[in-house]
Amino acid sequence: MEDSRATSAQPEHPQPEHPQPEHPQPERQRPARSQPERPQPERPQSPSTQPPNTPAPNTSPAPGGLGADLHLDLPRSGTTGVRAALIGSLRDAVRSGRLAPGTRLPSSRSLAADLGIARNTVADAYGELVAEGWLTARQGSGTRVARRVVPPEPAPPRTPPAAGPRRRPAYDLRPGSPDVSSFPRAAWLSAARRALTAAPADAFAYGGPAGRPELRRALADYLARARGVRADPERIVVCAGFKQGLAVLSRVLRAGGERDVAVESYGLDLHWDIMRRAGLRTVPLPVDDRGARTDGLAGLAGVRTVMLTPAHQFPTGVSLHPDRRAAVVDWASRAGGLVVEDDYDGEFRYDRNPVGALQGLDPERVLYLGTSSKSLAPALRLAWMVVPAHLMDGVLAVQGAGEWPTGALDQLTLAEFLDSGAYDRHVRGMRLRYRRRRDQLVAALAERAPGVRISGIAAGLHAVLQLPPGTERSVVQGAAWQGLAMDGLARFRHGAKPHGVEPRGGVESHGGGEPRGAGELGPGELGGEEPRGGEELGAEELGDALVVGYGTPPDHAFTGALEALCRVLPA
């Protein structure tokens, strides 16, 4: 017994010389008794440190024991972050279940001695984990693992199968994007410096829902001069991108009692989805070689709103015929309806004079939507609406909810970019660049794929390549295997549900029937029973074709993309 008490009283490692209390406390003796059995990665114990005839130390817990032994991986002595590492190790032990709820932990003094760190470090770690809810501490009960439901570790992300074409194509000819590498960085930076220098103090405060007055004034001047839009600056609302503007308008229409919106039978599904999420149903309007069949609007019961791309229909590339432009404005006037004009690619016209905006025919029945995403870059997130008077209050109310903020400094920069003439110079330069690419595309097809007809090339950043019946899907998939990303025409058909290929990388072919030549896109039909309960009408299918975005690649990649395209086209 005398040997045992001596062992219990004397720790194996020499202690600093401090006065010993008259009544030894059990907590001071515990590290000496339990230390040989605890793993010490920092200071491993050698079996030779204890004489062979020394009785084994008493490891049974004293009354109100000091807790369980712990194995914790901490940084080696001298490294930083010991407190954070201790907190992380204890938290991981609780989360993983190694420390069960209710388990009593060693005292701060005991654990500090075991780990060779300062007691205050352990006490601080315990305190933070108590505050976070991982541990509990009560007087007389010590520190324990909290009795709480610990969420399991998240499963590792599933790795998709390696089958199929590469996800990052070597070349991209998908439509809908400009050559972003041609963004006028130097001119934009100069405009930003001038705008920031001249900015009034209120530009740095919370702005109004309509946008900065400087940009609205500059847009009114530019749109009147270049696009024939009749707009007062007070009727212009600046948006955080085209989709945000469409979302605001859709909510205003639904709040005003509208349920159905007519859309072109071929277009962008993401726009239709925005309207559907606002509670509107989209009804397809057929498209042919003269644009949308606006004469069918009178036969659509309950439809008082139509969305069109009259300057350059996407994706077919045709312009709305003058007779149909006048007819749709007359319909809106008679029915008390609204025409939503998406001025898609309106600034990029090559072979004839630009087509003016439809809004100029009747500003109170046509809402104009424009954007800088094609003329400058999508990353700017700057678009604008020219709103009829009867919708202005509703648009400002939704816009003022603050869901989609638009940066005032970018607005001031664009205003300066417009006022200085830099915007016009950039658009003229890009118009020449895109026209040269279009001419290269036409020449390459005439030489390498003379059987493929091309249409929709008078304007815009894309062209339509007519294919033999039943070949669209195989051509798109073959292009993907060659590292070329393209979209088929069926990808943009209203009601189409492509499957079997990657998103934006191709579509399921809906070809069939006799091939149509350029400009012979087919009229479609509107007959049949009216859909019920929010069902979506499908559109009549056009012939097999590719929609080639020749404006998308940077200059250095365009030649390679054109070569890859010619390799996959049928001879």
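**Entry 1: the overall layout**

I take helices (H or I, at least four residues) and strands (E, at least two) as DSSP runs, numbered from the N terminus. I am working with a predicted model, so I keep local features to pLDDT of at least 70. With those names in hand, I counted 15 helices and 17 strands in the protein chain. I then looked at burial, and found that buried residues make up 47% of the 571 residues. For contacts with a separation of 6 or more, I noted that 75% join residues 24 or more positions apart.

**Entry 2: the second largest pocket**

I started with the pocket in which strand E11 takes part. E11 (366-371) gives the lining of the second largest pocket its largest share, three residues. I listed H7, helix H8 (242-255), H9 and E11 as elements that each supply at least two lining residues. The space in this pocket comes to about 720 Å³. I counted 39 residues in its lining, and those nearest the centre are Gly176, Leu268, Tyr344, Ser373 and Lys374. Sorting the lining by kind, I got 15 nonpolar, 11 polar and 13 charged residues.

**Entry 3: closed spaces**

Next I turned to cavities. Rolling a probe the size of a water molecule over the atoms shows where empty space is left. I found nine cavities of 30 Å³ or more. The largest of them holds about 130 Å³ of space. Its lining has 13 residues, with Glu264, Gly267, Leu268, His271 and Thr309 closest to the centre. I looked up which elements take part: strand E5 (260-264), helix H9 (269-277) and strand E9 (305-308) each give at least two residues to this lining. By kind, I sorted the lining into eight nonpolar, three polar and two charged residues. I made a note on Leu268: it is listed among the residues closest to the centre of the largest cavity, and it also appears among those nearest the centre of the second largest pocket.

**Entry 4: nonpolar cores**

Then I went looking for cores. In soluble globular proteins, nonpolar side chains tend to be buried together. Here I found that the largest nonpolar core has 57 residues, and that Leu414, Leu465, Met486, Leu546 and Leu565 have the most contacts inside it. Helix H13 (residues 422-448) brings eight residues, the largest share of this core. I also noted another core lying apart from it, with 27 residues, including Leu249, Met307, Leu367 and Met392.

I picked Leu465 for a closer look. Setting aside residues up to four places away in sequence, I found that Leu465 touches Leu445, Val452, Arg453, Ile454, Asp544, Ala545, Leu546, Val548, Leu565 and Leu569. Two of these partners, Leu546 and Leu565, I had already written down among the residues with the most contacts inside the core.

**Entry 5: a buried glutamine**

I stopped at Gln399, which sits in helix H11 (residues 389-399). Its relative accessible area is 6%, so I call Gln399 buried, as the cut-off for that class is under 20%. Outside its neighbours within four places in sequence, I found Gln399 in contact with Pro209, Val237, Val238, Cys239, Gln244 and Val248.

**Entry 6: salt bridges**

Last, I went through the charged pairs. The structure holds 26 salt bridges, and I looked up a few of them.

- I found the side chains of Arg83 and Glu128 in a salt bridge at 2.5 Å, N to O. Arg83 is in helix H3 (residues 82-96) and Glu128 in helix H5 (residues 119-132), so the pair links parts of the chain 45 residues apart. I read Arg83 as partly exposed, at 36% relative accessibility, and Glu128 as partly exposed too, at 27%.
- Asp202 pairs with Arg212, and the closest N and O atoms are 3.5 Å apart. I placed both in the loop between helix H6 (185-198) and helix H7 (213-226), 10 residues apart. Asp202 is partly exposed at 47% relative accessibility, whereas Arg212 is buried at 10%.
- Arg217 and Asp419 bring their closest N and O atoms to 2.9 Å in a salt bridge. Arg217 is in helix H7 and Asp419 in helix H12 (residues 408-419), so I see parts that are 202 residues apart in sequence tied together. I noted 36% relative accessibility for Arg217, which counts as partly exposed, and 42% for Asp419, also partly exposed.
- I closed with a network of salt bridges that links Asp179, Arg433, Arg437 and Asp555.

Key
Residues are numbered from 1 along each chain as its sequence is written. This is a predicted model: local features need pLDDT of at least 70, side-chain atom pairs count only at pLDDT 80 or more; totals for chains, interfaces and linings use all residues. Side-chain values use heavy atoms; hydrogens and water are left out. A salt bridge is a side-chain nitrogen of Lys or Arg within 4 Å of a carboxyl oxygen of Asp or Glu. Buried means under 20% relative accessible area, exposed over 50%, partly exposed in between (1.4 Å probe, protein chains only). On a 1 Å grid over the protein atoms alone, a cavity is a set of points where a 1.4 Å probe fits but cannot get out, and a pocket is an open set with protein on both sides within 12 Å along at least five of seven lines; lining residues have an atom within 4 Å of a point. Grid points are joined across faces, edges and corners, and a volume is the space filled by probe spheres set on the points. Ala, Val, Leu, Ile, Met, Phe, Trp, Tyr, Cys and Pro count as nonpolar, Asp, Glu, Lys and Arg as charged, and the others, Gly among them, as polar. A nonpolar core is a set of buried Ala, Val, Leu, Ile, Met, Phe, Trp, Tyr and Cys residues joined through side-chain atoms within 4.5 Å. Contact means heavy atoms within 4.5 Å.
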